[in-house]
Each structure stands twice: as C-alpha cells, then as structure tokens.
Amino acid sequence: MNNLDKVYFKSRAVGKLSSQSLNELKSTLRDIESGRSKLEKDIGFAEKQLKQEKSDLAWINWFPLKLVLKNKIKIKKDAITKISENLKKLAQDYERHKLGLDVSLSEQLEAAFGTLDDRFSDVLGTQKVWDITTSQSIDRVAERTTANNVLNVKRLVSKE
C-alpha cells in the first residue's frame, strides 16, 4: 500500500457548528434553561419547606399541646399558607418559562428538510455505525484490487 493522498477526517465540536446569526437564539435558550433549572431548585426547596411545616404543625396540633401552643399553631398555619402561595407562583413561573418559536420555510426548503428528516430517520435505524478515520489511495494494479481507496475504520455503535 502506498502513502499517496492520505486524508484524515475529524468532526468539529458541536458548539462551533451554529452560524453567527443564531448566537442570540442560542444565548436566549441557554438563559431559559438556566432559569428553569433555578426554578426547579426553588420549587424543590419550597416543597421541602412545606412538608417540614406541615409535619411541625401535625406535632404541635396534638391534643395536649394544642391547648398550650395556640399561638404557634396559628404561626405555622400562616407559614404553610405563605409557602403554598409561593410554591403555586413558582410552578406558574416554571410553566411560563418557555420560548415559543415559529419558523417559516419556503416550499423548497421545507421539501429539503423533509428529505433530510427522512434520511435522518433511516440513519437512526442503522445496525452499525463506523467512524472513517483515514482514506488512502492505493495502486490498484500492485494491490490487485478494483478499489480506489483503503479506509481505516473504527466501529462506534452496534445494535446487534
């Protein structure tokens, strides 16, 4: 095998594949995702707080203590109401923390996208995926082959 025309292939980092015009959209999507993540943490904390307050109320609401701790019971009930309202507001904020995106395509682009989508579905159904790391031209006469190139490949995925 000769070392003629050896070609190396390397994938680009996914973060570098978007165009400059989509950077603002990408930034907005990142902000939304971080906001939703923060809201999820806040909701989890509020739910934990609510559970604790209800547990405390159940203990002090026990009959003998109930007579002595009337003021504390009222404070706990007020705290539960306040936390419940806050939790409801956080849940509403979480549901509204989305981005509505409407993309209009010309008929030609829509047809091309449909074709791309069909081909992508075909790729998802593949049984094996190979990474072609190099392609090298060979002397067909000396190697006694009809192939023009020798490929070095590595199996990435196999569904067998």
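This tour moves from the whole chain to one helix, then to single residues around it and in a loop.

**The whole chain**

Begin with the full chain displayed as a cartoon, bearing in mind that the model is predicted. The chain holds 5 helices and 3 strands. Followed from the N terminus, its elements come in the order β-α-α-α-α-β-α-β. Switch next to a surface view: the accessible surface is about 13,600 Å², and carbon and sulfur atoms contribute 55% of that area. Of the 160 residues, 14% count as buried. Among contacts with a separation of 6 or more, 64% join residues that are 24 or more positions apart.

**Helix H3**

Select residues 70–96, which form helix H3. How far apart are the end C-alpha atoms of this helix? They are 39 Å apart, and this agrees with the expected span because 27 residues at 1.5 Å a residue should also cover 39 Å.

Now show the side chains of Ile-73, Lys-76, Ile-80, Ile-83, Leu-87, Leu-90, Asp-93 and Tyr-94, the buried residues of H3. Against which helices do these residues pack? Their partners are helix H1 (23–60) and helix H2 (63–68), so it is useful to display both of these helices before going on.

**Around Tyr-94**

Keep Tyr-94, one of the buried residues of H3, and add Arg-36. The charged end of Arg-36 sits over the ring of Tyr-94, at 4.0 Å from the ring centre.

Select Gly-35 next, which has its place in helix H1. Is Gly-35 buried or exposed? Gly-35 has a relative accessibility of 16%, and therefore counts as buried, the cut-off being under 20%. A C-alpha to C-alpha distance drawn from Gly-35 to Tyr-94 reads 8.5 Å, although 59 residues separate the two in sequence.

A search for pairs among aromatic rings can follow. A pair of aromatic rings is described by the distance of the centres and the angle of the planes. With centres required to lie within 6.5 Å, the count here is 0 aromatic pairs.

**The loop at Arg-144**

Finally, move to Arg-144, in the loop that connects helix H5 (140–143) to strand S3 (149–158). What is the sign of phi at this residue, positive or negative? Phi of Arg-144 is positive, near 55°, in a residue other than glycine. Most residues other than glycine have a negative phi. Arg-144 counts as exposed because its relative accessible area is 77%, where over 50% is required.

How values were computed:
Residues are numbered from 1 along each chain as its sequence is written. This is a predicted model: local features need pLDDT of at least 70, side-chain atom pairs count only at pLDDT 80 or more; totals for chains, interfaces and linings use all residues. Side-chain values use heavy atoms; hydrogens and water are left out. Rings of Phe, Tyr and Trp (its six-membered ring) pair if their centres lie within 6.5 Å; planes under 30 degrees apart count as stacked, over 60 as edge-to-face and the rest as tilted. A charge sits over a ring if NZ of Lys or CZ of Arg is within 6 Å of the ring centre and within 35 degrees of the ring normal. Helices (H or I, at least four residues) and strands (E, at least two) are DSSP runs, numbered from the N terminus. Buried means under 20% relative accessible area, exposed over 50%, partly exposed in between (1.4 Å probe, protein chains only). The expected span of a helix is 1.5 Å times one less than its number of residues. Contact means heavy atoms within 4.5 Å. Accessible areas come from the Shrake-Rupley method with a 1.4 Å probe; for residues, only the protein chains shown count as cover.
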